[in-house]
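Reader: I would like a close look at one part of a structure, namely the charged pairs and the elements that surround them. Please treat the topic as one connected account.

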Amino acid sequence: MNIFEYYLLKINKTILDNNSNLNLTYLEDLKDTNLEVPPEHINFDLSSNVCLILSKANKINPNELADKIKTLLLKNIKHFERVEVAGPGFLNIKLSGEGLAKNINEILKNKESYGSKKSNEIYNVEFVSANPTGPMHVGHCRGAVFGDVISNLLLFNGNKVVKEYYINDYGNQIKNFVKSVFLRIREIKFKEKFIYKEDLYPGEYVKEIALKIIKDNKEIDFDNFEKCFDRLKRLSLDGSMKLIKDDLKKLGIIHDNFFSETQLIKKDLVNETVKKLQDRNYVEEGFLDPPKGESSKDWKKIKRLIFKSTKFGDDNDRALQKNDGSWTYFANDVAYHSDKIGRKFNKLINILGADHTGYIKRISAAVSALSNNEVKLNCKVCQLVKLYKKGKPFKMSKRAGEFITVQDLLNEVNKDSIRFMMLNRSNDVELDFDFDKVKEKTKDNPVYYVQYAYARINSITRTLKKSLNDNILIKNKSFSPNEYEEKIIRKVFEWPKIIESASFKFEPHKIPFYLYELSTLFHSYWSKGNEDDRFKFIENGKVKREEILIFLYLVSIVIRNGMKVLGVSLPEKM
């Protein structure tokens, strides 16, 4: 339930029913009106720009129109106790005790789904898709958490979601990785020195993969790399993907589907997809201009198949073939997205790394071409993470050889802190992750502060011998919260708008921000009770007022729903 949508409909209906009395000849702009949360210093529950919008469209004085609408609203909407005209025609609205009780009871009746914005789309969310050449690093971690929470958010809203991982298990980088495993096997079995070359993978984890292969596959002859390559590739990738899946599991992430690039090639999906685009006249043989910054004298003009991506908003047309005639990585990726469309997903979301920003237009163009503009692809880029410990950059792992692993992160802080803090800023800006801050048991540690609010609420219900799973409702129609409870209730009413905004824009960072603000209001009220007996929650082992128990349940409902979407646990004791 969203009280803003509910009352906006009532406001608009009242205006439409009385438009002649209001001298309104143009009502098209009514669709642009809204109902929002007033600024904190204004002691009202709702605020609308309806008079401002309609007065401009109908060339009427906004304050005069506001006075007329105010009178109509007080007469026709019984839950509106007070309406005040503010500024250039804004309407600030205070709900009656009966209105508060009705809306709060709706939340209490539908606690598990409160905030959800019901939808019924079929989503494919592709995220992580790290090269299967070793364990996950910190950059992958941010995208992994982001993609998982986006998926949880869509599921919370009632959509069908497949969480997918695209395994880039084809090409030179895979051959180099398998070569590295082979050389480690030779090192272990035959005491040959590992050759450190630029394209090889020197990390200790490669030794671990090699040791397991030797132990479980005694029949394989490791004398000739080419002869054992196919078998060794499968075993090496199995070892590498196990490391990645183990890391993901420790972060609370489980994908529904793993899609192999190698299988895509074996099934000849690239040829099929290119043929489909050729039939639609979106692929032609031709020559590409030299890349920006490259001299035309140094550019070798070679005829190749080119996708006309400029027809769909891209800056340039894109090559589907390399100089030697083999398919480009982009061609494989186009085929992969064609397969997604063929699986009847009507919404696609790709979570990309910081270095993939320039890739968005071309793959979006391909999806438009393949689906006749019927399937929407949203690409979200996760920027870099900078780690700090004791004010200094965190050192890389020796085990990985070149990067900081997810396991390094988990050795320092728990899964809950990682998930919450990876969303503590918008995905499109760099994130500073301070190990010391996330270990603090203070207001400066957001995840602790939210979890502590929930634990405190549980401590109260235990004292009262009640459970947060109990079903309770307001029976008193003259429900009258105090000033601290009013702020909390208004914040709780805002929760569906947060979910709606986070879902529509794929911006899950709004959820931890909101939960922190709600928890701050709760902790402030708790502290006030320690200063002033009038605001204590419990007296002689009993709750002092019905309103106190109600607001505790409201806060717990929102924190539980929010942390479930974030995939963060909620301890009942801390």
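Does D148 count as buried or exposed, and at what relative accessibility?

Author: The model discussed here is a predicted one. In it, D148 has a relative accessibility of 2% and therefore counts as buried, since the cut-off for that class is under 20%. The side chain of D148 meets that of K163 in a salt bridge, with an N to O distance of 2.8 Å. This pair links distant parts of the chain: D148 belongs to helix α5 (residues 138–156), K163 belongs to strand β6 (residues 160–167), and the two are 15 residues apart. The partner K163 is also classed as buried, because its relative accessibility is 11%.

A further pair combines an exposed residue with a buried one. The side chains of D223 and R186 meet in a salt bridge at 3.3 Å, N to O. D223 is found in the loop between α7 and α8, while R186 is part of helix α6, so this salt bridge ties together parts that lie 37 residues apart in sequence. D223 counts as exposed because its relative accessibility is 54% and the cut-off for that class is over 50%. R186, at 13% relative accessibility, counts as buried.

Salt bridges with shared partners also join D45, K94, E486 and R490 into one network. Within this network, the side chains of R490 and D45 meet at 2.7 Å, N to O. The pair links distant parts of the chain, 445 residues apart: R490 is in helix α17 (residues 483–504), and D45 is in the loop between β1 (35–36) and β2 (46–48). Both R490 and D45 are buried. Over the whole structure, a search finds 39 salt bridges.

The surroundings of the D223 loop deserve a closer description. Helix α7 covers residues 204–216, which makes 13 residues. From first C-alpha to last, α7 reaches 19 Å, close to the 18 Å expected at 1.5 Å a residue. Its buried residues are Y205, V206, I209, A210, I213 and I214. As a general point, an α-helix has 3.6 residues a turn, so residues three or four places apart point the same way. The cover over the buried residues of α7 includes α6 (172–190) and α8 (225–250).

The nonpolar cores complete the account of the interior. The largest core has 120 residues, and those with the most contacts inside it are F80, I104, M422, F433 and I511. Helix α19 (residues 546–566) gives the most to this core, with 14 residues. When neighbours within four places in sequence are left aside, the contacts of F433 include V385, L387, Y388, V413, I418, M421, M422 and V438. The polar residues K386 and S417 are likewise in contact with F433. A second, separate core of 32 residues includes Y166, V270, L320 and L377.

Finally, there is an open sheet of 3 strands, in the order β8-β9-β10, with antiparallel pairing. At its edges stand β8 (283–286) and β10 (318–319), each with a single partner strand, so one side of each is left without a neighbour in the sheet. The pairing of β8 with strand β9 (residues 304–307) is antiparallel and runs over 4 bridges. Here E284 stands opposite I306 in β9.

Conventions. Residues numbered from 1 in each chain as written. Predicted model: local features only at pLDDT ≥ 70, side-chain atom pairs only at ≥ 80, totals over all residues. Heavy atoms only, no water. Expected span 1.5 Å × (residues − 1). Buried < 20%, exposed > 50% of the residue type's maximum accessible area, 1.4 Å probe, protein only. Contact = heavy atoms within 4.5 Å. Pairing = 2+ DSSP bridges. Salt bridge = Lys/Arg side-chain N within 4 Å of Asp/Glu carboxyl O. Core = buried A, V, L, I, M, F, W, Y, C linked by side-chain atoms within 4.5 Å.
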